[in-house]
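Colleague: I'm new to this one, so please take me on a close look at its nonpolar core and the residues around it.

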Amino acid sequence: MSILARIRAHGGDLIRDGYKFRLRKGRLTPDNLKWITEHIDQAKREIWPLYDEWEERAAIMEYDGGFSRESAERAAYVCVGGQLADAA
């Protein structure tokens, strides 16, 4: 069973908004939440197949490019084909 399926089986959900994620807890217990925290990157990959590419680009922009983490994440999102809602 996928991590996302386990979350949803307990009435929760992992929601992606651009490059940010939020967890709707539903009936997840503290032990469930701890387990999810330990496996959160895998859950993000289930939702967004470009997650690893985005994260790598953001890290390069932050460490080699001197971007702040937030700026690097935004720029990397555009690089992997995302469109920012407030970029109009």
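Modeller: Here is a short overview, followed by the core and a few residues worth finding on your screen.

Bear in mind that this is a predicted model, where local features need pLDDT of at least 70 and side-chain atom pairs count only at pLDDT 80 or more, while totals for chains, interfaces and linings use all residues. Residues are numbered from 1 along each chain as its sequence is written, and side-chain values use heavy atoms, with hydrogens and water left out.

First, the setting. The protein chain has five helices and two strands (DSSP runs numbered from the N terminus: H or I of at least four residues for helices, E of at least two for strands). Starting at the N terminus, you'll pass them in the order α-β-β-α-α-α-α. The C-alpha atoms fit a box of roughly 40 × 30 × 20 Å along the principal axes. The chain has 88 residues, and 30% of them count as buried (under 20% relative accessible area, with exposed over 50% and partly exposed in between, using a 1.4 Å probe and protein chains only).

Now the core itself. The largest nonpolar core holds 18 residues (buried Ala, Val, Leu, Ile, Met, Phe, Trp, Tyr and Cys joined through side-chain atoms within 4.5 Å). Look for I7, L14, W48 and W54, since these touch the most other members. Helices α1 (3-9), α4 (51-63) and α5 (69-79) each give this core at least two residues, and the largest share, four residues, belongs to α4.

W48 is a good place to zoom in. Setting aside residues up to four places away in sequence, W48 touches R16, G18, Y19, F21, W54, Y77 and V80 (contact means heavy atoms within 4.5 Å). So one core residue, W48, is in touch with another, W54.

Next, two charged residues. Which side chain of opposite charge is nearest to K44? K44 sits in helix α3, which spans residues 40-47, and that nearest partner is D41, 4.5 Å away. K44 is buried yet has no salt bridge (a side-chain nitrogen of Lys or Arg within 4 Å of a carboxyl oxygen of Asp or Glu; Lys and Arg count as positive, Asp and Glu as negative, with His and the chain ends not counted). Beyond its neighbours within four places in sequence, K44 is in contact with L14, F21 and Y51. F21 is also on the list for W48.

The other is E73, over in helix α5. E73 counts as buried because its relative accessibility is 16%. Leaving out residues up to four places away in sequence, E73 touches Y19, W54 and A58. Y19 and W54 both turned up beside W48 as well.

Finally, two residues that let in some more light. N32 lies in helix α2, residues 30-38, and it counts as partly exposed because its relative accessibility is 22%. N32 and the core residue I7 are 25 residues apart in sequence, yet 8.4 Å apart in space, C-alpha to C-alpha. With neighbours within four places set aside, N32 is in contact with H10 and R27. I40 belongs to helix α3 and is partly exposed, with a relative accessible area of 24%. I40 and I3 are 37 residues apart in sequence and 8.6 Å apart in space, again C-alpha to C-alpha.
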